[in-house]
Amino acid sequence: PTERRVPGGIALVDVSHYQPGLQVFFNNQPVIVVREDNAAIAVVGIPLSLDPSAPAQLMIHSGKRVIDSVSFELSAGHYPTEHLTISDQNKVTPDAESLRRIRAESAEISVLLKNIQYQHINFSAMQLPTKGRRSSSFGRRRFINGQPRKPHSGIDIAAPTGTPVYAPAAGIVTGSGDYFFNGHTLFLDHGQGLVSMFCHLTETLAAPGDEIKQGDLIARVGSSGRVTGPHLHWSLSLNDARIDPELFLAPITVDADGTD
């Protein structure tokens with residue numbers, strides 16, 4: 001992935017004291033370590049909520065014992081502000097029954113995004129999961145009907161209902177559901193703590209346990225959940241931090257005539 005040491009970004013940190021059998025943690029979450037040119041590199045997802053003014057620190061464990069630490073600095077993300085209008089007021093200020101549902105669903109989603117399965121990993125360049133207009137970028141500070149909400153934790157791609165959604169990278173489907181805010185949702189685990197979440201679908205075409213290859217058809221765009229129109233919301237979680245999916249995409253090449 002492309003390194004960007006900001007909240008919502010990725011840090012590639014040299015952990016020279018790492019040896020097989022040790023574990024690296026950041027923000028109390030295990031972090032993948034890969035070998036590159038005889039160096040050990042921790043691939044660290046940085047939570048959007050992290051204070052960039054404080055030094056970030058990796059902890060290297062042998063079992064339950066901390067044997068070393070590595071500090072690195074962050075910069076501010078400088079994400080823009082976005083104002084949205086939602087006609088369904090209960091999706092803005094949920095009633096008591098909806099709040100109970102939201103809490104239960106949040107716990108379920110949290111488990112799926114924290115999952116670490118070690119048998120599959122694909123850190124090659126990802127592909128955009130659907131074609132359409134980028135209607136909202138990652139990290140935007142959102143106001144919904146004038147009320148502040150959490151920053152946008154994915155990218156939105158506006159497309160007509162029924163537009164195909166393809167796997168951005170190989171993985172295993174670990175869950176699906178119909179959630180209050182996210183609508184019909186599919187989870188694709190790429191391995192080592194890297195998980196894609198696709199929201200607001202009209203249809204899911206893969207089931208938990210399915211092994212998926214990059215480019216496989218897995219779902220279709222819809223407008224379920226809290227939306228202003230049909231689109232795909234794609235979140236990418238790394239060591240339980242929602243990070244900008246753009247950092248895993250292949251760079252766009254532009255020809256001399258300006259086309260990509």
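**Exercise 1. The largest pocket**

Task: State how much space lies in the largest pocket of this predicted model, and which residues are closest to its centre.

Solution.
Step 1. The largest pocket holds about 1300 Å³ of space.
Step 2. Its lining is made up of 40 residues, and those closest to the centre are K150, P151, S153, N182 and R226.

**Exercise 2. The lining of the pocket**

Task: Find which element gives the largest share of the lining of the largest pocket, and how the lining residues divide into nonpolar, polar and charged.

Solution.
Step 1. List the elements that each supply at least two lining residues: strand 7 (81-84), helix 1 (96-114), strand 8 (133-136), strand 9 (141-144), strand 11 (155-158), strand 15 and strand 18.
Step 2. From this list, helix 1 has the largest share, with 6 residues.
Step 3. Sort the lining by residue class: 17 residues are nonpolar, 13 are polar and 10 are charged.

**Exercise 3. The sheet with strand 7 and strand 9**

Task: Give the strand order of the open sheet of 3 strands that has mixed pairing, and name its edge strands.

Solution.
Step 1. The order of the open sheet is 7-9-10.
Step 2. Strand 7 and strand 10 (147-148) each pair on one side only, which makes them the edge strands.
Step 3. Strand 7 and strand 9 run parallel and are joined by 4 bridges. In this pair, L84 stands opposite I144 of strand 9.
Step 4. Strand 7 and strand 9 also appear in the list of elements with at least two residues in the pocket lining.

**Exercise 4. The partners of strand 2**

Task: Determine which way strand 2 (residues 23-26) runs relative to strand 5 (residues 56-62), parallel or antiparallel, and do the same for strand 3 (residues 29-36).

Solution.
Step 1. Strand 2 and strand 5 are antiparallel, with 3 bridges between them. Q23 has H61 of strand 5 as its bridge partner.
Step 2. Strand 2 and strand 3 are antiparallel, again with 3 bridges. Here F25 stands opposite P30 of strand 3.
Step 3. Strand 2 and strand 3 form a hairpin with 2 residues between them, and N27 in the turn has a positive phi of about 55°.

**Exercise 5. Positive phi in two loops**

Task: Locate Q192 and D240 in the chain and give the phi of Q192 and of D240.

Solution.
Step 1. Q192 sits in the loop between strand 14 (183-191) and strand 15 (194-204). Although Q192 is not a glycine, its phi is positive, at about 55°.
Step 2. D240 belongs to the loop that links strand 18 (231-238) and strand 19 (241-243). D240 is not a glycine either, and has a positive phi of about 60°.
Step 3. Strand 15 and strand 18, which border these loops, each supply at least two residues of the pocket lining.

Terms used. Residues numbered from 1 in each chain as written. Predicted model: local features only at pLDDT ≥ 70, side-chain atom pairs only at ≥ 80, totals over all residues. Heavy atoms only, no water. 1 Å grid on protein atoms, 1.4 Å probe; cavity = no way out; pocket = protein on both sides within 12 Å on 5 of 7 lines; lining within 4 Å. Points joined across faces, edges and corners; volume = space filled by probe spheres on them. Nonpolar A, V, L, I, M, F, W, Y, C, P; charged D, E, K, R; others polar. Pairing = 2+ DSSP bridges.
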